[in-house]
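Please look over the sequence and the model below before reading on. The report is meant to be read beside them.

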Amino acid sequence: HRFVYLALVLASSIQLIITTLQLEETLLPASRISLSEFTASVSSINPLSFLRIYTGDHHLLKRLVTITTLQSCLDGRCTSDTFQMWARNNLKWSAESIRNY
């Protein structure tokens, strides 16, 4: 299995080099940001930053975000993966049993 991953890394590296050499930057040099600005921007990403909505005074926004979140959980595509893992791990169902359910 190790050789498969090494081959994937090699193929990805070759693709990255080819793309980097053949693709020209279209953004003007004056409009580009520095690497330090980019690093600071990436490091400021917090996946739980949406929770700040609930600490503010915007009651309507809180209500709308909560309703939208709950509505998206009703969609089967969002919960299917979780159910499949739960059925496989907790119920010990086979793939055929999950498929039939």
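The text below covers confidence, overall fold, one helix, two loop residues and a surface patch.

This is a predicted model, in which local features need pLDDT of at least 70, side-chain atom pairs count only at pLDDT 80 or more, and totals for chains, interfaces and linings use all residues. Residues are numbered from 1 along each chain as its sequence is written, and side-chain values use heavy atoms, with hydrogens and water left out.

The pLDDT, which is the predictor's confidence in each residue from 0 to 100, averages 88 over the chain, and 100% of the residues score at least 70. Helices (DSSP runs of H or I, at least four residues) and strands (E, at least two) are numbered from the N terminus. The table gives the elements with the extreme mean values.

| Element | Residues | Mean pLDDT |
|---|---|---|
| Helix H1 (highest) | residues 2-22 | 93 |
| Helix H4 (lowest) | residues 76-89 | 84 |

The chain holds five helices and zero strands, giving the pattern α-α-α-α-α along the sequence. Its radius of gyration, 23 Å, is well over the 13 Å that the globule rule gives for 101 residues, so the chain is more spread out than a compact globule; the radius is taken over C-alpha atoms, and the rule is 2.2 Å times the number of residues to the power 0.38. The C-alpha trace spans about 55 × 55 × 20 Å along its principal axes.

Buried residues (under 20% relative accessible area, with exposed over 50% and partly exposed in between, for a 1.4 Å probe and protein chains only) make up 3% of the 101 residues. In H1, the count of buried residues among its 21 residues is zero.

Two loop residues can be described individually. Lys92 lies between H4 and helix H5 (95-100), has a positive phi near 60° although it is not a glycine, and counts as exposed at 66% relative accessibility. Ile45 sits in the loop between helix H2 (35-43) and helix H3 (59-74) and is exposed, with a relative accessible area of 63%.

Ile45 also joins Ile33, Leu35, Phe38 and Val42 in a nonpolar surface patch of about 550 Å². Such patches consist of residues with over 30% relative accessible area and no salt bridge, where like charges are joined within 9 Å and nonpolar side chains (Val, Leu, Ile, Met, Phe, Trp, Tyr) within 5 Å; a salt bridge is a side-chain nitrogen of Lys or Arg within 4 Å of a carboxyl oxygen of Asp or Glu. Accessible areas come from the Shrake-Rupley method with a 1.4 Å probe, and for residues only the protein chains shown count as cover.
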